[in-house]
Amino acid sequence: MLFNSYLFVLFFLPACILGYYTINHFKKYELAQFFLLAMSLWFYAYFNISYLFIILGSIAVNYCICLFFRHISGAKARKALLLIGLLLNIGILIYYKYMDFFIRNINAVFRKEYALWGILLPLGISFFTFQQLSFVIDAYKREVPEYSLLYYASFVTFFPQLVAGPIVTHDELVPQFLDRERKRIDWDYMAEGIYIFVLGLSKKVLLADTFGNAVNWGYGHIEKLDSTNALIVMLAYTIQIYFDFSGYCDMAAGIGRMFHVDLPQNFRSPYQAVLITDFWDRWHMTLTRFFTRYVYIPLGGNRKGTGRTYLNMMIVFLASGFWHGANWTFVFWGVCHGAFMVVTRCCGKFFQKIPKVINWVITFLFVNVMWIFFRADSMADAWLFLGRITAWDFGKIRGSILGKFRLTEIDFLLERLKIEMEADSPLILILFFAFSMLIILGCRNVYGRTEKFRASVFKILVSAGLLVWCIFNFSGISTFLYFNF
């Protein structure tokens with residue numbers, strides 16, 4: 001089920017909130033938690049009922065492993081059980097996400113013709129697998145209290161963060177589920193949650209999807225792009241993925257607030273980063289935390305010398321790239337980010353001498369170019385796209401791109417104001433880019449601020465207006481980009 005859909009906004013979310021707080025009102029706390037779990041499973045299974053059996057099986061296996069940890073004291077037995085847990089989780093992820101990738105590469109290298117398995121990728125498997133991996137590892141370290149199956153399953157399946165993060169640890173979420181003070185509706189939390197949710201929904205529906213239409217056309221017709229249009233499509237994807245992921249993070253956080261649950265911040269104005277190291281402290285923060293805590297530090301972190309530190313960083317970014325998708329484009333993207341991180345760390349004094357604005361330009365251009373590989377269907381398409389940019393073949397903006405920004409509501413407004421605008425006018429496109437960059441570079445994230453949220457007539461009117469506007473645009477709904485990972 002999508003956050004940006006009629007079913008979710010007009011039925012599922014209101015029904016879930018009403019049912020959860022009504023049951024809690026009668027002090028049926030376990031029943032209310034079971035209701036939330038059932039609704040989360042419905043949310044997940046809505047796309048494909050077969051997904052339900054996969055996630056339930058994964059939950060059952062991992063919970064049993066954690067139960068065994070409570071009754072096993074021998075060091076060797078615990079390590080063997082940890083190894084089993086790691087292999088099972090990573091094996092399931094490899095089977096569903098990477099098997100066809102491996103077969104394609106075996107066929108290419110050894111000139112074989114093994115048939116692809118055509119395995120359907122379960123939604124959000126990378127997220128709930130990592131979340132359970134963290135739980136298994138923490139259980140091995142004896143850092144997990146004794147949770148019931150109900151609360152463990154709720155930890156894995158809590159629908160706001162189930163399919164695209166943030167990747168939450170047990171100590172962040174389960175204690176909130178157990179806190180009876182959070183079982184009562186808090187109107188301040190509810191108001192803030194609705195406000196954050198609507199702003200995130202607007203980022204996705206009104207901005208990300210608009211830029212996404214231009215991006216889809218551009219990457220579907222790379223051979224038709226000149227340098228001007230290739231640069232526009234490149235920047236359009238940079239903006240699309242920003243508002244798509246930022247919008248999801250806001251919506252997840254906002255829904256969490258509606259249930260009186262605080263989810264960890266996962267996105268903090270990453271394009272304002274001056275250095276690539278700062279960028280990765282701001283983009284998908286919980287994924288960075290996972291790799292730092294469960295990969296980088298166990299490998300030795302920065303405790304075994306400079307060379308080993310840089311090697312560990314490269315391993316982490318290689319794993320991060322591969323985590324994002326079964327394609328060499330993602331591997332290349334991860335390796336390049338790792339290499340730039342190493343260069344930045346190695347040449348720290350050099351970058352400190354450069355003016356901040358120059359460092360920002362370098363970082364932003366690097367991120368833009370790397371998004372080309374992230375978005376392209378293949379390495380060949382990515383290099384072809386870069387070739388179009390560097391051809392220095394500048395021309396007019398194509399009508400096929402301009403048309404993606406001529407929204408129905410904009411034409412309606414122009415007609416009412418009796419303003420005539422030629423179809424090939426770039427004004428609307430320029431306004432979209434300028435407005436988006438103003439938000440990206442000039443605004444703070446609405447979630448994660450330290451000051452207390454205060455409702456006002458202005459915020460209520462803005463939220464209501466944006467919500468209605470978004471609902472009218474649901475006819476062209478699209479999935480979130482991170483659903484693919």
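In this predicted model, Arg 182 is buried, with a relative accessible area of 17%. That value falls under the 20% limit, so the residue is classed as buried. Arg 182 forms a salt bridge with Asp 179. The closest N and O atoms of the pair are 3.9 Å apart. This distance is within the 4 Å cut-off, so the pair counts as a salt bridge. Asp 179 has a relative accessibility of 30% and counts as partly exposed. The bridge between Arg 182 and Asp 179 thus joins a buried arginine to a partly exposed aspartate. Both residues belong to a network of salt bridges. Its other members are Glu 192, Arg 257 and Asp 262.

The model holds 14 salt bridges by the rule applied. One of them pairs Asp 278 with Arg 282, the closest N and O atoms being 3.1 Å apart. Asp 278 is partly exposed, at 22% relative accessible area. Arg 282 is buried, at 14%. Another bridge joins the side chains of Asp 411 and Arg 406, with 2.9 Å from N to O. Here Asp 411 is partly exposed, with a relative accessible area of 30%. Arg 406 is also partly exposed, at 23%. That value lies between the 20% and 50% limits, so Arg 406 is not classed as buried.

Arg 282 also has a place in the surroundings of Phe 267. The C-alpha atoms of Phe 267 and Arg 282 are 5.6 Å apart in space, and the two residues are 15 apart in sequence. Phe 267 sits in the loop between helix 9 and helix 10, the latter spanning 276-279. Phe 267 is buried, with a relative accessible area of 4%. Beyond residues up to four places away in sequence, Phe 267 touches Tyr 242, Phe 245, Ser 246, Cys 249, Arg 282, Trp 283, Met 285 and Asn 445. Arg 282 is therefore a contact of Phe 267, having heavy atoms within 4.5 Å, as well as the salt-bridge partner of Asp 278.

Helix 9 itself covers residues 227-258, and Ser 227 lies in it. Ser 227 is buried, with a relative accessible area of 0%. Gly 395 is 168 residues away from Ser 227 in sequence, yet the C-alpha atoms are 7.5 Å apart. Contacts of Ser 227 beyond four places in sequence are Arg 388, Ile 389, Ala 391, Trp 392, Asp 393 and Phe 394. Asp 393 also takes part through its backbone. Its nitrogen lies 2.9 Å from a polar atom of the Ser 227 side chain.

Aromatic pairs number 79 by the rule applied. Phe 127 and Trp 323 form one that is edge-to-face, at 5.2 Å centre to centre and 80° between the planes. This pair links distant parts of the chain, 196 residues apart. Phe 127 is in helix 5 (residues 125-140), and Trp 323 is in helix 12 (residues 306-324). Both residues are buried. Phe 130 and Phe 290 form a stacked pair, with 4.2 Å between centres and 15° between the planes. The angle is under 30 degrees, so the pair counts as stacked. Phe 130 and Phe 290 are 160 residues apart and again link distant parts of the chain. Phe 130 lies in helix 5, and Phe 290 lies in helix 11 (residues 285-296). Phe 130 and Phe 290 are both buried.

Helix 11 has further buried positions. Thr 286, Leu 287, Phe 290, Phe 291, Tyr 294 and Tyr 296 are buried there. An α-helix has 3.6 residues a turn, so residues three or four places apart point the same way. The buried residues of helix 11 pack against helix 5 and helix 12. The stacked pair of Phe 130 and Phe 290 joins helix 5 to helix 11.

A nonpolar patch lies at the surface. Its area is about 660 Å². Ile 90, Ile 94, Phe 102, Ile 106, Val 109, Phe 110 and Tyr 114 make up the patch. Ile 90 lies in helix 4, which spans residues 75-110. Ile 90 is partly exposed, with a relative accessible area of 40%. Patch members must have over 30% relative accessible area, so Ile 90 qualifies on that count.

Key. Residues are numbered from 1 along each chain as its sequence is written. This is a predicted model: local features need pLDDT of at least 70, side-chain atom pairs count only at pLDDT 80 or more; totals for chains, interfaces and linings use all residues. Side-chain values use heavy atoms; hydrogens and water are left out. Helices (H or I, at least four residues) and strands (E, at least two) are DSSP runs, numbered from the N terminus. Buried means under 20% relative accessible area, exposed over 50%, partly exposed in between (1.4 Å probe, protein chains only). A polar contact is a pair of N or O atoms within 3.5 Å; within protein, one must be able to donate a hydrogen and the other to accept it, and residues adjacent in sequence count only if both atoms are side-chain atoms. Patches are made of residues with over 30% relative accessible area and no salt bridge: like charges are joined within 9 Å, nonpolar side chains (Val, Leu, Ile, Met, Phe, Trp, Tyr) within 5 Å. Accessible areas come from the Shrake-Rupley method with a 1.4 Å probe; for residues, only the protein chains shown count as cover. Rings of Phe, Tyr and Trp (its six-membered ring) pair if their centres lie within 6.5 Å; planes under 30 degrees apart count as stacked, over 60 as edge-to-face and the rest as tilted.
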